[in-house]
Amino acid sequence: MYVLALDQGTTSSRAILFDAEGRIVSIGQFEFAQHFPNPGWVEHDPNEIWSTQFRAAKLALEKAGVSASQLAAIGITNQRETTVVWDRQTGEPIYPAIVWQSRQTSSLCEDLRARGLQDEVRTRTGLVIDAYFSATKLRFILDAVPGAQARAERGELAFGTIDSWLLHRLTAGRVHATEYSNASRTMLYNIHKLEWDELLLRELNIPRAILPSVQDSSSIFAHTDSSLFGVEVPIAGMAGDQQAALFGQGCVTPGSAKNTYGTGCFLLLNTGDCAPVSRSGLITTLAWGLDGKVTYALEGSVFVAGAALQWLRDGLKLIGHAAESHAVAMSVPNTGGVYLVPAFVGLGAPYWDEQARGAIVGITRGTTREHLVRAALESIAYQTRDVVDCLRADSGLALDVLRVDGGACQNDFLMQFQADLLGAPVRRPGILEVTALGAARLAGRAVGFWKESDSPTALRTGSQDFVPKMEHSQREMLFARWKKAVERSRSWEV
Ligand code: ADP
């Protein structure tokens with residue numbers, strides 16, 4: 001028997017088949033289109049998200065020669081916050097999916113701040129008011145589509161993050177549900193009372209009838225409709241991608257942390273049953289719900305990490321593919337004093353500056369393509385150092401080792417520079433698909449396929465440590481200049 005993880009990311013939909021040992025058997029993957037209808041806006045087609053995800057699932061099974069009847073369970077992990085609204089009757093989305101990175105609701109956030117709601121939002125949801133979270137995206141869709149508010153009030157529309165959207169399609173529209181980690185990213189969910197927040201729903205004029213039910217991350221949500229795979233497979237685990245990675249990395253005890261280097265960079269620290277309030281710009285979030293009990297986490301969310309490489313590839317055409325950045329960066333001893341601040345969609349933690357925009361500073365006549373590429377990679381490490389400093393300040397923990405995963409952590413230059421900049425070792429596991437592994441483990445445990453104590457072989461073998469080699473004075477000098485570069489990018493769009 002096997003467990004299939006559906007990993008619905010920002011740039012591609014993947015399906016990964018795991019065997020009983022937690023080893024990867026096969027992977028199906030399809031990229032899908034990114035739409036940028038206006039500066040700062042990012043949208044996806046929900047139907048394309050579904051079709052690529054379904055095809056990826058079929059492909060993973062086909063490649064392995066495994067039939068759906070051999071699946072013990074399906075787990076879902078997803079790009080978080082991205083918002084879909086669909087018609088309950090037809091199942092059709094009424095608007096494109098507004099992606100987590102999208103800034104199209106900045107003015108709605110401005111309005112919420114002007115109404116003095118910052119403290120209410122922070123104490124109820126653990127979040128800061130930002131266009132990143134789902135609440136204002138949902139408000140935007142209900143305003144943008146004529147008649148949508150009234151239809152939502154009549155219970156004709158459904159709102160969901162991508163987990164709910166996939167669940168809806170996997171069950172042929174029968175089930176409308178989410179789980180704690182995704183709910184905690186909506187800016188509508190009270191993470192202490194564990195319910196949709198009355199006051200915030202009222203302030204944003206969101207009808208209750210549009211919201212999904214919320215359940216444990218590791219529990220049976222539904223069975224797939226038999227029209228899809230020929231048999232009904234239990235969908236037994238769901239979690240937002242960053243929380244799934246935390247689970248997949250085995251960070252199940254308070255005090256353990258991981259950083260995922262994907263489109264963005266997300267550092268999460270497990271804080272157990274305590275929901276600390278950050279004083280330095282991190283957010284508090286729900287990690288998961290298991291057996292009727294929730295776990296909290298502190299999070300540093302960086303919006304643009306690997307996406308900076310995509311920009312070098314697609315926007316500037318400086319590199320052919322992301323992996324090439326390694327050799328290019330290594331071909332120069334340093335960036336020649338160049339700093340790239342990839343504030344393409346504003347800045348997330350710890351700055352939370354919606355008005356910031358990208359900047360390249362320190363350019364001289366001697367600046368080359370190689371310097372720029374290296375500066376882009378280094379910017380990922382600098383942004384991580386920013387949030388690690390906050391985490392150290394908030395938690396008082398030294399963070400002896402940083403566990404890493406995600407597409408960009410394959411870059412050895414980046415990992416070494418990260419260790420140098422943190423002055424702490426960086427540990428890369430033998431398996432890079434920990435997000436999918438987390439979703440699979442959540443699903444597998446709910447159906448009794450795996451026990452809590454089972455540690456997948458794949459996690460234990462082949463891990464690599466990068467140890468810091470840079471002098472303390474050099475590290476701090478470089479980091480001080482980064483801080484100066486960040487200042488240059490701030491409050492740009494006014
Ligand atoms: P997501 O789940 O957010 O779509 P992934 O974890 O799949 O992201 O990682 C993809 C990101 O990693 C892309 O933004 C890509 O530019 C970046 N990336 C992939 N390989 C490398 C590499 N070798 N060096 C640097 N960045 C990379």
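This tour moves from the whole chain to selected residues of a predicted model.

**The whole protein**

Begin with the complete chain in a cartoon view, where the secondary structure comes to 17 helices and 23 strands. The radius of gyration is 21 Å, close to the 23 Å that the globule rule gives for 494 residues, so the protein is as compact as a globular protein of that length. Along the principal axes, the C-alpha atoms fill a box of roughly 60 × 50 × 45 Å.

Next, colour the chain by relative accessibility. Buried residues make up 61% of the 494 residues. Of the contacts with a separation of 6 or more, 73% are between residues 24 or more positions apart.

Then switch on the surface. The accessible surface comes to about 17,800 Å², and 51% of it belongs to carbon and sulfur atoms. If the charged residues are coloured by sign, there are 47 positive and 53 negative charges, and their mean positions are 3 Å apart.

**Aromatic rings**

Select the aromatic side chains; the structure holds 22 aromatic pairs. For one of them, display Trp50 and Phe54: the ring centres are 5.3 Å apart and the planes stand at 15 degrees, an angle under the 30 degrees required, so the pair is stacked. Both residues lie in helix α1 (residues 46-64), 4 residues apart, which is about one turn of the helix. An α-helix has 3.6 residues a turn, so residues three or four places apart point the same way. Trp50 counts as buried at 11% relative accessibility, and Phe54 is likewise buried, with a relative accessible area of 18%.

Now select Trp100, Tyr132, Phe133, Phe266, Phe303 and Trp352, which form one aromatic cluster.

**Helix α4 and Thr186**

From Phe133, step along the chain to helix α4 (residues 134-144). Here 9 of the 11 residues are buried, so the helix is largely enclosed by the rest of the structure. The buried residues are Ser134, Ala135, Thr136, Lys137, Leu138, Arg139, Phe140, Ile141 and Leu142. To see what covers them, show the neighbouring elements, including β6 (84-87), β7 (97-98), α2 (106-114), α5 (148-153), β8 (157-160) and α8 (198-204).

Keep α4 in view and select Thr186, in the loop between α7 (180-183) and β10 (189-190). Thr186 counts as buried at 2% relative accessibility. Apart from neighbours within four places in sequence, Thr186 is in contact with Phe133, Ser134, Ala135, Phe159 and Trp196. Two of these contacts, Ser134 and Ala135, are also among the buried residues of α4. A distance label between the C-alpha atoms of Thr186 and Thr136 should read 8.8 Å, although the two are 50 residues apart along the chain.

**Two further buried loop residues**

Move to Ser217, in the loop between β12 (213-215) and β13 (218-223). Ser217 is buried, with a relative accessible area of 0%. When residues up to four places away in sequence are set aside, Ser217 touches Glu179, Tyr180, Ser181, Ala236, Gly237, Met238, Trp288, Gly289 and Leu442.

Phe32 is the next selection, in the loop between β3 (24-31) and β4 (43-44). The relative accessible area of Phe32 is 7%, and the residue is therefore buried. Beyond residues up to four places away in sequence, Phe32 touches residues that include Gln8, Gly9, Thr10, Thr11, Ser12 and Ser13. Also among its contacts are His44, Glu48, Ile49, Thr52 and Gln79. The C-alpha atoms of Phe32 and Glu433, 401 residues apart along the chain, are separated by 19 Å.

**Backbone details**

Finish with the backbone. Most residues other than glycine have a negative phi, and most peptide bonds are trans. Three places are worth displaying against that background.

- Ala349 and Pro350 are joined by a cis peptide bond, with omega about -5 degrees. Pro350 is found in the loop between β19 (339-341) and β20 (359-361).
- Glu81 has a positive phi, near 70 degrees. This residue is in the loop between β5 (71-78) and β6, and counts as buried at 1% relative accessibility.
- Leu194 also has a positive phi, near 55 degrees. Leu194 is found in the loop between β10 and β11 (195-196), and is partly exposed, with a relative accessible area of 29%.

Notes:
Residues numbered from 1 in each chain as written. Predicted model: local features only at pLDDT ≥ 70, side-chain atom pairs only at ≥ 80, totals over all residues. Heavy atoms only, no water. Helix = DSSP H or I, 4+ residues; strand = E, 2+ residues; numbered from the N terminus. Rg over C-alpha atoms; globule rule 2.2 N^0.38 Å. Buried < 20%, exposed > 50% of the residue type's maximum accessible area, 1.4 Å probe, protein only. Contact = heavy atoms within 4.5 Å. Areas by Shrake-Rupley, 256 points an atom, 1.4 Å probe, with all protein chains shown as cover. Lys, Arg positive; Asp, Glu negative; His and termini not counted. Charge placed at Lys NZ, Arg CZ, Asp CG, Glu CD. Phe/Tyr/Trp six-rings, centres within 6.5 Å; stacked < 30°, edge-to-face > 60°.
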